Structure formats: structure tokens, C-alpha cells
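This report introduces a structure to a reader who has not met it before. The sequence and the structure are shown first.

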Amino acid sequence: MRKSVNRPPTPDVAENQEKEPTLQELINIELIESGEKERLMELLRERLIECGWKDEMKALCRAFIKKKGRNNVTVDDLVHVMTPKGRASVPDSVKAELLQRIRTFLVSAAL
Amino acid sequence: MSVPNEGNDMSSSSDAQLSSHVFGDLLDSIIVDVASECHRIAKLGLDRNFEEEEEELRLSAQARVRVADPSNSGEANSKYVVDIFGQNHPSVASEVFECMNCGRSIVAGRFAPHLEKCMGKGRKARLKVTRSSTAAQTRNSRGNSASTYSTYSNSNSTSRLSNGASGVAGEEYSNGALEEP
């Protein structure tokens, strides 16, 4: 049976310990540990639902599923279908609001 | 917009880069969530609008009603009006189709009152629990009609209907949290 999700193989533990964490990784850890990432995700989710972005994406998926057939679709297919249009169609106001909050967090985390 | 560090160009541009990266990360996670949701609905066959014939029947029924209307005004006897398909238009819409919310067959002329009961405007519908798996998470607040519809496929429409949108988003979150291993 075909797998629904294509996961890259888990990286070796020994490999990971030799690398220095990048700034982005450190920020990510700080975001997750403080709970801010979850809050940001919920905010973004809510905004995207309000502006109809989620419905657009679901319609895109439905169209793709209709074309390809219900049983041949994987989650990866849907992600690939949605990503280009999804990233481009986020309303500017939503993006600005989230970026503002992220920047505020970065400033406070750097102290 | 105020710029805090005007003297230090490097850090503000890498800040912007960092923020965009974080934003992209969040967006990717949400896209994966939506993809997995749609995938689930497709595989389980929960999307009742999936059959095209049904869509077309409904659309053509609507179109027939719309086309027949303007031609009605000039006619002496509206019962014998003919539409673009050469069909007679009955005075009460007698088309039977499936309600997209509960899946029952409904006569078009009775669809509006049916929707009232089905979607929660009526008093009795608020007490109805649609899915047993979410029954445990349904909060028993009396004024909150959105609480009965905490499943994925319905949460879109209820977040627009209800005033407490943050309440529904919170329930959506708790859905995800409970299902994670």
C-alpha cells in the first residue's frame, strides 16, 4: 500500500550533536518553549479562516482530488498543490500583523 | 511604522529575514494541517458534495428558477411558462436534493425551514450533538450554539455564524491536541 506521507529518514543522533545550532534554530527553540509559536499559529489560523484563505485552499484540494481520483491522492500531493498558491494568496494585512508580532517577539527574546 | 534600529542596517535586515522565515514556517505548518484535513475528508468520503451530478442538478435547478422568474412577469398564465430547457415551471419548487449539512433529502421548497432547524437557529437544534467523538469536548454553555458543531468540516461555517470566533478556534486546537499521540 502506498504511504500517504513521505517522510525524510530520521537524521542520525551522532551527526546532530556535532553541529552548532544556528540563530534560526535558537529562535525557533525560544518560540516553542515560551509558547509563543503556538499562540502565533492560532492567530494565523484564525485570520486565515476569517479571510477565506482556508476555504480557497480546500477548494483547490477538492478540485485536485476530483481530477486525480480520491484513492490516488497523498498528503504530499495536496501540500505541493497548495504551497505556491497558498503562500502567494495570504492577504497583506494578515501577513503584516503576524510579522509585526514576530518582530516584537524577536526584540524581546534578544534581550 | 517606526524603525527602532536605524543605525544598524545589517541587524534590521536579518531581523526581517528571520521574521519572514518564522512566518513561512508557521504558514507551512498550517498548509500541512489543511492538506491532512482535506486528505482525511477525501479518503473517508465525508465530503457529501463530492458527486458532480448532484452539484449540477442543484445548479441547474437554481438556474431554472432564475430564468423562469423574469419571464413570469409578462405572462398571463404563469403555470404554463416554459424555460430554456422547454420545461414547465411549477409554482412551488418541487426539486428534491440533499442537504449539505445533515445529508437528508429535502424538497427545495422546504429547504429554508429545514436549514433553520438543521443549522441551529431553532431552539431544539442547539441541543443536538452531531458527532459522538466530540461530545466529550462539547461545552454545555446554554448560549453557545457553536459548541454543538466542533467537527473539522463544520468549524468553518460556525466560526462565521457565531460571535465567539475565538471559542471555536480554541476547540479546534483542543481537537488537534487530543488526537496527537
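The sections below treat the basis of the model, its nonpolar cores and selected helices.

## Basis

This is a predicted model, in which local features need pLDDT of at least 70 and side-chain atom pairs count only at pLDDT 80 or more, while totals for chains, interfaces and linings use all residues. Residues are numbered from 1 along each chain as its sequence is written, chains are lettered from A and ligands numbered from 1 in the order in which they are written, and side-chain values use heavy atoms, with hydrogens and water left out.

## Nonpolar cores

The largest nonpolar core (buried Ala, Val, Leu, Ile, Met, Phe, Trp, Tyr and Cys residues joined through side-chain atoms within 4.5 Å; buried means under 20% relative accessible area, with a 1.4 Å probe and protein chains only) has 36 residues, of which A:Leu44 and A:Trp53 touch the most other members. α1(B) gives the most to this core, with 11 residues. Helices here are DSSP runs of H or I, at least four residues, numbered from the N terminus.

A:Trp53 is in contact (heavy atoms within 4.5 Å) with residues including B:Leu27, B:Ile30, B:Ile31 and B:Val34.

## Helices of chain A

The 15 residues of α3(A) should span 21 Å at 1.5 Å a residue (1.5 Å times one less than the number of residues), and the end C-alpha atoms are 21 Å apart, which agrees. Among the buried residues of α3(A) are A:Leu40, A:Leu44 and A:Leu48. Just after α3(A), A:Gly52 takes a positive phi of about 85 degrees.

α4(A) and α5(A) make a contact that includes A:Trp53 and A:Phe64 of α4(A) and A:Val81 and A:Gly86 of α5(A).

Note on methods. Buried < 20%, exposed > 50% of the residue type's maximum accessible area, 1.4 Å probe, protein only. Helix = DSSP H or I, 4+ residues; strand = E, 2+ residues; numbered from the N terminus. Lists of a residue's contacts leave out its neighbours within four places in sequence.
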